[in-house]
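Student: I have a protein structure to read and I am not sure how to begin. Could you take me through some of its features, one at a time?

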Amino acid sequence: MAFQSVTRATPLTAFRTATLPVDARHPAVSRRTDLSRAFAPDLTLSIHKNLAATESEWCRFEQVAECTPFQTFEWLSLWQRHVGLREGVVPAIAVGRFADGNTAFILPLAVEPHRSARRLCWLGQELCDYNAPLLARDFSQRVTPDRFLAIWRELRERMQADPELRHDWIEFEKMPQTVGAQINPFTCLNVMPNANSAHITLLGDDWETFYWTARSSATRRRDRAKRKRMSEFGEIRFVTAAGSGDVRQTLDVLWEQKKRIFARRGIADIFSRPGYREFFADFASNPNTRHLAHVSRVQVGATCAAANFGIVFGDCYYHVLSSYCDGELTRYGPGTLHLRDLLAHAIKRGLRRFDFTIGDEQYKLEWSSLRLKLYDHSTAANWRGWPLSFLSIARRWAKRFVKQTPLVWHLVCRARSLIGPF
C-alpha cells in the first residue's frame, strides 16, 4: 500500500519522548528477553462478550494495574449502555492470566458493524482520548514482545472462530506509546503516528510557584489585565458543580457552547449523536462514578463564561472537554482563565500531573512539559476488509500530513469554517 507508512514505536520512560530506536541485538535487550522467557510461564486467555462477567476482576485489577481512566470498567460499561448497545457493538473483553492466577492484562476490545463489514476496535474508541490495555505492573518484565505478538495472533484466531466476534478489518487509534511506565505492547504491531500527540504538565506543590515558573512576567501582566476587564461584567467565581442537577445544568451549557464553537469552525458536532450527552451526564452524576468526574465552570456575574468536564484518576487530572461563551466576554479569554483555575484546583487537591490529553493546540504546548506520542494501527482480516483498511490508512496519512503542514492546515481550517465539515 502506497500510504502505509508504518513504524514500530520506540520505548518511552515516564512519558518522556523517545528519539532513539532500540537495537534488538543489544546485550541488555537480549538479557531482558532471556529473563522474560524464563520468568513468564504461559498465559491463559479468555474472551468475554458480556461486560458483567468481567466486572469483579476488572474493577479489582484497575486498582493496581497500569491504565488510564478510559479503560476503567466504570467508563466503558456506561459507554456500552448509552452508545454501544444503540450501535450494535459487541464487546470482546480479553483477559490474560499468568500461571499463578494473577491477571496479566485486560484488553477492552469490541466488534462494530460498519455498513457491509465488521470492524475490530477498542471499546468506546471514539470517545476515549487514549485507547490501550490494562497491564499488570510487571507485565513487560514477564512477557516479551514476541510472546505478546503470539498471544495477539491466538486472540485474533479465536475471535474469528466466533460468529459474533468475526471481523473484516482492524482499526485501532489513539494508542499511547506507554501505559504508565511500560511500553504499550500494541506498539509492537505495524503502527503509524497519529495526527496528534498528547501533552502533560508536571504540577508543583503550590499554585503561585508553579504559575510564576510556567509563565513569563509579560504573560502574567496580560492575565491580570484581562481578569480585571472581565470583572467589570460581574463577580468572577470558579465553581465546581455539586449535585446531579448542578452537574447536568453545567454540562448542558458546555454542550451548547461546544455546538457554537464547532459551528464557527465548520466541525461536525459529535456530541449531538445519540447517547453521547447521556453518557457524560451519567458518568458525572452516577453515584458509582461521580467520584472520578470533575465538572466545573467560571461564572462571571450571572453568565457561565466557561465550562469543563475532567476526570481525576490516580495522581492525575485529565482535561477532557472544555468550552467558553461567545460575545464580548470572549475577548478577555474566559477559557484561559478557567484553565488556570483548573490547574490551581489540581494542585490544591495534591495531584502531580495535569494531562491535556490528545491535541496539539497552542495553549497545551505553552503549558505542557511532556509530550506523549500516539499511534494508530489498521489492517485487513480478510478480502472484505482490504478496501476499508486501505481507506483508513490513506485517511490517517492525509490527516497527519495536513495537520503537520502549517500552511495546509491553515487553509483547511479556513475552508472548513466557510463551507462546513468535509
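Tutor: Let us begin with a charged side chain beside a ring: Arg220 lies over the face of Trp212, at 3.7 Å from the ring centre. Please keep in mind throughout that this is a predicted model. A second case of this kind is Arg142, which is placed over the face of Phe98, at 3.7 Å from the ring centre.

Student: How should I read two aromatic rings that lie beside each other, and how many aromatic pairs does a search of the whole structure find?

Tutor: The general idea is that such a pair is described by two values, the distance of the centres and the angle of the planes. In this structure the search finds 32 aromatic pairs. Take Trp75 and Phe280, whose ring centres are 6.0 Å apart and whose planes stand at 80°, so the pair is edge-to-face. Because Trp75 belongs to helix α3 and Phe280 to helix α9, this pair ties together parts that are 205 residues apart in sequence.

Student: Are Trp75 and Phe280 buried or exposed?

Tutor: Trp75 is buried, and Phe280 is buried as well. Both also belong to a cluster linked by ring pairs, whose members include Phe70, Tyr130, Trp255, Phe279, Phe283 and Phe309.

Student: What is the general idea behind a nonpolar core, and which residues touch the most other members of the largest one?

Tutor: In soluble globular proteins, nonpolar side chains tend to be buried together. Here the largest nonpolar core has 87 residues, and those touching the most other members are Trp75, Leu109, Phe172, Phe309 and Ile311. Strand β3, residues 103-114, gives the largest share of this core, with seven residues. If we leave aside neighbours within four places in sequence, the contacts of Trp75 include Leu127, Cys128, Phe279, Phe309 and Ile311. Apart from this core lies another, of 15 residues, among them Tyr317, Leu343, Ile347 and Phe356.

Student: Can the same reading be made for a whole helix, and how many residues of helix α9 are buried?

Tutor: Eight of the 10 residues of helix α9, residues 276-285, are buried, so this helix is largely enclosed by the rest of the structure. Among the buried residues are Tyr276, Phe279, Phe280, Asp282 and Phe283, and the buried residues of α9 pack against α3, α8, β12, β13 and β14.

Student: What should I look for around a buried polar residue such as Asn308?

Tutor: Look at where the residue lies and at what its side chain meets. Asn308 lies in strand β13 and is buried, with a relative accessible area of 0%. Its side chain makes polar contacts with the side chain of Ser296, at 2.4 Å, and with the side chain of Tyr317, at 3.0 Å. The C-alpha atoms of Asn308 and Ser323 are separated by 6.4 Å, although these residues are 15 residues apart along the chain.

Student: How do I read a salt bridge, and how many does the structure hold?

Tutor: Side chains of opposite charge can pair when their charged atoms come close. This structure holds 29 salt bridges. In one of them Glu154 pairs with Arg158, with the closest N and O atoms 3.3 Å apart; both residues lie in helix α5, four residues apart, about one turn of the helix. An α-helix has 3.6 residues a turn, so residues three or four places apart point the same way. Glu154 is partly exposed, with a relative accessible area of 32%, and Arg158 is also partly exposed, at 36% relative accessibility.

Student: Which parts of the chain does the pair of Asp223 and Arg340 link?

Tutor: Asp223 and Arg340 form a salt bridge in which the closest N and O atoms are 3.3 Å apart. The pair links distant parts of the chain, with Asp223 in helix α7 and Arg340 in helix α10, 117 residues apart, and both of these residues are buried.

Student: Finally, what is notable about the backbone of Lys174?

Tutor: Phi of Lys174 is near 55°, a positive value in a residue other than glycine. Lys174 lies in strand β6 and, at 9% relative accessibility, counts as buried. Thr357, in strand β15, likewise has a positive phi, near 60°, and it counts as buried at 2% relative accessibility.

How values were computed
Residues numbered from 1 in each chain as written. Predicted model: local features only at pLDDT ≥ 70, side-chain atom pairs only at ≥ 80, totals over all residues. Heavy atoms only, no water. Core = buried A, V, L, I, M, F, W, Y, C linked by side-chain atoms within 4.5 Å. Buried < 20%, exposed > 50% of the residue type's maximum accessible area, 1.4 Å probe, protein only. Helix = DSSP H or I, 4+ residues; strand = E, 2+ residues; numbered from the N terminus. Contact = heavy atoms within 4.5 Å. Phe/Tyr/Trp six-rings, centres within 6.5 Å; stacked < 30°, edge-to-face > 60°. Lys NZ or Arg CZ within 6 Å of the ring centre and 35° of its normal. Polar contact = N/O pair within 3.5 Å; in protein donor to acceptor, adjacent residues only side chain to side chain. Salt bridge = Lys/Arg side-chain N within 4 Å of Asp/Glu carboxyl O.
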